[in-house]
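User: Could you take a close look at one charged pair in this protein for me? I'd like to know what it connects and what surrounds it.

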Amino acid sequence: LGKCSSCETPDEWLAGNTEIQVADRDQGQTENNIAQEVSNRWSTWPNGVVKYTIHSSLTLEDTSEILKAFDEYHKKTCIRFEPWQEGDTDFVSIEVDENVCGFANVCKIGGPQVVMFGKDCRNMKTMIHQLGHALCLGHEHQRPDRDSYLNFSSCSNNPKKIRSFRRPMGLYDYNSQMHAQCNSCKGGFPSREGVNICGPDATPGLSVLDSDNINYIYNCQGCHRHRWIPAVALLNEDFVNMHNFGYETQEGNPINTCRALYGSTILSGMYNHSQNTCYIADGDAAFEIEEKFVEVLTFPGGLLGEDCSEYKLVNRRTAPLNSLIRAGNIANDVMYDWTSYPSYSSLSVGNGERVKSIGKWWVLNERHVANTANFAVEKMGTRSSEFEVLSCSFNEMCMIKKIFDSENYVHENY
Ligand SMILES: [Zn+2]
């Protein structure tokens, strides 16, 4: 990936301004210029469906990398890439430009728009990044608050700060595929302890927070409808949408799921309502993470949605990994491609009683699972192999009932 740290998407495009992008595209086409309806910034793709063409100059290997990139979006979000058909006016043309690593129009600009990759960057990661732009994502290292996470003091010029379309005040994500490689003046020097890799170096595909951003922007439903809400931005409705799955403290207070940015990791723990903190375990130790580094898990529409998608705790030994809710990743080269999953357990404590706790469970490469999960209990960290995890799947009884009800409705009409 050596030279792929440079994304040549211009700053003016990254601000999501469609007018400038349409003008850039149509430049030089003074004759035969098709008048385009220019809309405002941050235009998204209706229902998350993106029509595409693949230029005939691309090789089979290029196409294979593109399909792998599509697959990441199809697995982790409600976005659907579909081949262009006669009559589709808005579409992405995927092309190669050997003078660049990659660039792309940002958001839906109306009419044809480009996603480019080239040089030695004709790979899946670059394609995921550029498709992210087409879907309206900006650069993580250009976030307005990035100076709290990156140091540019040794750089003569550094990337501008640009507001992009994303979850407001969400956790900073060194693992984002939209983050440039760090330890350079392009992607900055991480200022948090333990962070030594960023973006494509840290994550093989979409990071957990990339997926969350897209599912937020496109208001994805079904098993993509859970939302992690920043603790500093919680509204009354978010408290209604939290669920404790029967988990309570010994005093009878509900225990809700949170995640926190802790060192180079984003991991899950227990939300502390009174302090607005996230109580997490790190090995034998336990920490309260302050609210600006905390998000709380909510389920708009309830645990059983109108579409019959259902969130529930399940046995971690039998649940398919791809049905489980994930918390975050690690930006550390010793722990490449680890993902944390919220885990739920009832743990015995000194006096023989059992207390409920929500902790983290690590999975490597979306495949190799840790034998134990790590929980914060009584100001200490502890490990247990007996725990449940949070899954989402479609409830069959609910769906059968829905079909039955709709058939009855049809009969009544005749
Ligand atoms: Zn970019």
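Analyst: Happy to. R259 and D212 form a salt bridge, and their closest N and O atoms are 2.8 Å apart. Please keep in mind that this is a predicted model. The pair brings together distant parts of the chain: R259 sits in strand β9 (residues 256–262) and D212 in helix α5 (residues 208–217), 47 residues apart.

How exposed are the two partners? R259 counts as buried because its relative accessibility is 0%. D212 is also buried, since its relative accessibility of 10% falls under the 20% cut-off.

The two elements that carry this pair also turn up in the nonpolar packing. The largest nonpolar core has 31 residues, and Y174 and V294 have the most contacts inside it. Helix α5 and strand β9 each give two or more residues to this core, as do β10 (265–272), β11 (277–282) and β13 (294–298). Y174 itself has a long list of neighbours beyond four places in sequence, among them Y149, L150, H179, P190, I197, C198 and A331. A second, separate core of 28 residues includes A69, F70, I128 and L135.

For context, the structure holds 22 salt bridges, and two others make useful companions to R259 and D212. One of them joins D147 and R146, with the closest N and O atoms 2.8 Å apart. Here the burial is split between the partners: R146 counts as buried because its relative accessibility is 3%, whereas D147 is partly exposed, with a relative accessible area of 43%.

The other links K75 with E72, the closest N and O atoms being 3.5 Å apart. Both lie in helix α3 (residues 60–76), and because they are 3 residues apart there, about one helical turn separates them. K75 is partly exposed, given its 46% relative accessibility, while E72 is buried at 8%. Shared partners extend this pairing, as salt bridges join E72, K75, K76 and E366 into one network.

On the wider layout, the domain assignment of the protein gives domain 1 (11–28 + 35–135) and domain 2 (226–394). The centres of domain 1 and domain 2, taken over C-alpha atoms, are 35 Å apart.

To come back to your request, the pair you are looking at is a salt bridge between R259 and D212, linking strand β9 to helix α5. R259 is buried, D212 is buried too, and both of their elements contribute to the largest nonpolar core.

Note on methods: Residues numbered from 1 in each chain as written. Predicted model: local features only at pLDDT ≥ 70, side-chain atom pairs only at ≥ 80, totals over all residues. Heavy atoms only, no water. Domains from an automatic or database assignment. Salt bridge = Lys/Arg side-chain N within 4 Å of Asp/Glu carboxyl O. Helix = DSSP H or I, 4+ residues; strand = E, 2+ residues; numbered from the N terminus. Buried < 20%, exposed > 50% of the residue type's maximum accessible area, 1.4 Å probe, protein only. Core = buried A, V, L, I, M, F, W, Y, C linked by side-chain atoms within 4.5 Å. Contact = heavy atoms within 4.5 Å.
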